[in-house]
Amino acid sequence: MSWFLFIILAVFTLGGGLGVVVTRNVVHAALFLLVSLVAVAGLYLILFAEFLALVQVLIYGGAIIIVLIFAIMLTRTAEYPYISDNKQWPLAAVAAAAVGVVLGAAFLDNNHSQTTPNSPAFADLANSLFTTWAIPFEVASLVLLVALIGAIIIARTGEDSR
Amino acid sequence: MVPLVAFQVLSAALFAIGIYGVMARRSAVLIVMSIELMLNAVNINLIAAASHLDGTGRWANFDGQIIAIFIITVAAAEVGLGMAIILRMYRNRSTVNVDEINLMKW
């Protein structure tokens with residue numbers, strides 16, 4: 001049963017990823033990315049990471065895809081279908097295949113973990129996040145604040161600000 | 001039960017797809033999408049490793065999940081900033097083709 005779910009989710013994840021890098025329509029690419037990200041949330045559920053699955057659907061499926069589609073809408077140009085791939089795509093395919101094969105071979109070669117997945121309790125996750133990882137947590141909030149302010153300043157039209 | 005190595009090979013494949021996208025695409029928006037694919041591959045790897053830990057080693061079995069939360073946070077910040085930069089680029093140059101954005105190329 002677990003293998004069955006894993007194979008279905010893996011097909012959706014890799015298929016969505018391939019759709020993102022192959023399709024010539026940029027809106028379809030965003031929708032393929034959504035398929036891939038939601039399938040990854042399913043993979044987190046197989047791994048008993050319920051909180052991460054929730055966060056994945058909320059942030060990736062909700063926020064990031066919306067932002068990407070807004071960017072596509074605001075930069076809609078007739079050139080999108082013609083600029084999908086550049087001339088070095090065979091080189092890129094070779095490099096990507098090399099990285100994938102090397103990484104996969106390294107993982108297969110280092111295959112000595114035969115434990116079964118287990119689920120940490122929600123309370124343990126929260127305790128660890130707010131005690132051991134408290135300072136990185138605060139830094140992450142600062143990073144988000146700086147990114148927000150930076151995005152507003154960069155994207156503002158500028159006539160009224162100078 | 002699905003072994004850990006299956007998730008690791010899946011994440012390697014997804015990461016390779018993301019690398020292909022970053023290198024072969026010319027639209028800046030599509031490059032950002034490919035970066036998201038690579039970040040997701042890393043997250044799959046982290047969470048798979050985290051949930052296969054037994055909690056007796058140096059890392060508790062939810063530390064991988066916490067690092068994945070931080071990666072998702074940084075990815076959200078990255079997309080926000082990246083889209084702002086792409087909008088600015090489009091307004092100034094009327095293109096999102098990264099081959100034509102060569103102002104800083106010597």
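In chain A of this predicted model, residues 24 or more positions apart account for 50% of the contacts that have a separation of 6 or more. The secondary structure of chain A consists of 6 helices and 0 strands, and the order of these elements along the sequence follows the pattern α-α-α-α-α-α. Of the 162 residues in chain A, 27% are buried, where a buried residue is one with 20 or more other C-beta atoms within 10 Å of its own.

Chain A is further divided into two parts, with domain 1 spanning residues 1–81 and domain 2 spanning residues 120–162. Between the C-alpha centres of domain 1 of chain A and domain 2 of chain A there is a distance of 23 Å.

Chain A also meets chain B, in a contact to which chain A contributes 77 residues and chain B contributes 64 residues. On the side of chain B that touches chain A, at least two residues are supplied by each of the helices α1 (4–24), α2 (28–52) and α3 (63–93) of chain B. The element that gives the most to this side of chain B is α3(B), from which 21 residues are drawn. When the residues on the side of chain B that touches chain A are sorted by character, 44 are nonpolar, 13 are polar and 7 are charged.

Key
Residues numbered from 1 in each chain as written. Chains lettered and ligands numbered in written order. Predicted model: local features only at pLDDT ≥ 70, side-chain atom pairs only at ≥ 80, totals over all residues. Contact = placed C-beta atoms within 7 Å. Helix = DSSP H or I, 4+ residues; strand = E, 2+ residues; numbered from the N terminus. Nonpolar A, V, L, I, M, F, W, Y, C, P; charged D, E, K, R; others polar. Domains from an automatic or database assignment. Buried ≥ 20, exposed ≤ 12 C-beta atoms within 10 Å, placed from the backbone.
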